[in-house]
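Open the model in your viewer with side chains available, and follow the stops below in order.

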Amino acid sequence: MFDGLAPTLFSTASLSALSEAATAISSTLELSTILQTVARMACRVTHAEASTLFRYDSAVRKLSAVAAVGHRREALLGREFDGGLGIPGLVARTSKGICI
């Protein structure tokens with residue numbers, strides 16, 4: 001699923017994004033700030049218009065949007081979704097990321 005991204009993984013932009021994410025992680029204990037940085041860097045590295053990170057609660061099989069970048073950011077943040085539905089549900093079930 002990420003096969004087309006192989007050349008991107010070692011680009012200068014990717015290494016820069018990784019460095020920026022590492023700096024954010026080491027400079028704060030605020031999880032929301034770290035996750036937002038990771039979502040932003042994922043967009044930058046993959047040249048995507050949007051990125052959303054979800055937390056999966058296996059006890060209730062729900063996904064919660066914990067970080068988002070893009071035009072639907074505000075609509076997604078904090079929302080819960082059925083953990084078995086849609087693309088996020090597929091990612092949760094298979095434990096494999098998808099780049100669309």
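**First stop: a strand residue**

Select L53 and show what surrounds it: leaving aside neighbours within four places in sequence, L53 is in contact (heavy atoms within 4.5 Å) with L35, V38, A39, S64, A65, V66 and A67. This is a predicted model, in which local features need pLDDT of at least 70 and side-chain atom pairs count only at pLDDT 80 or more, while totals for chains, interfaces and linings use all residues. Residues are numbered from 1 along each chain as its sequence is written, and side-chain values use heavy atoms, with hydrogens and water left out.

L53 belongs to strand 1, residues 51-57, where helices (H or I, at least four residues) and strands (E, at least two) are DSSP runs numbered from the N terminus. With a relative accessibility of 23%, L53 counts as partly exposed; the scale calls a residue buried under 20% relative accessible area, exposed over 50% and partly exposed in between, using a 1.4 Å probe and protein chains only. Now draw a distance from the C-alpha atom of L53 to that of V66, which lies 13 residues away along the chain, and the separation is 5.8 Å.

**Second stop: Q36**

Move to Q36, which lies in helix 2 and is buried, its relative accessible area being 17%. Its contacts, again without neighbours within four places in sequence, are A67, A68, V69 and R73.

**Third stop: helix 1**

Select residues 12-27, the 16 residues of helix 1, whose end C-alpha atoms are 22 Å apart, in agreement with the 22 Å expected at 1.5 Å a residue (the expected span being 1.5 Å times one less than the number of residues). Which residues of helix 1 are buried? They are S14, A17, A21 and A24, and they lie on the same side of helix 1 because they cover an arc of only 85 degrees around the axis, taken from the directions from the helix axis to the C-beta atoms. On the other side of helix 1, T12, S26 and S27 are exposed.

**Last stop: where the helices meet**

Add helix 2 (31-46), which is included in what covers the buried residues of helix 1. The two helices, helix 1 and helix 2, pack at an angle of about 175 degrees with their axes 9 Å apart, which makes helix 1 roughly antiparallel to helix 2, a label for angles over 145 degrees. To see the contact, colour A13, S14, S16, A17, E20, A21, A24 and I25 in helix 1, which meet I34, T37, R40, M41, R44 and V45 in helix 2.

Technical notes. Axes fitted to C-alpha atoms, helices over the stretch in contact; angles between N-to-C directions. Parallel < 35°, antiparallel > 145°, perpendicular 65-115°, else oblique.
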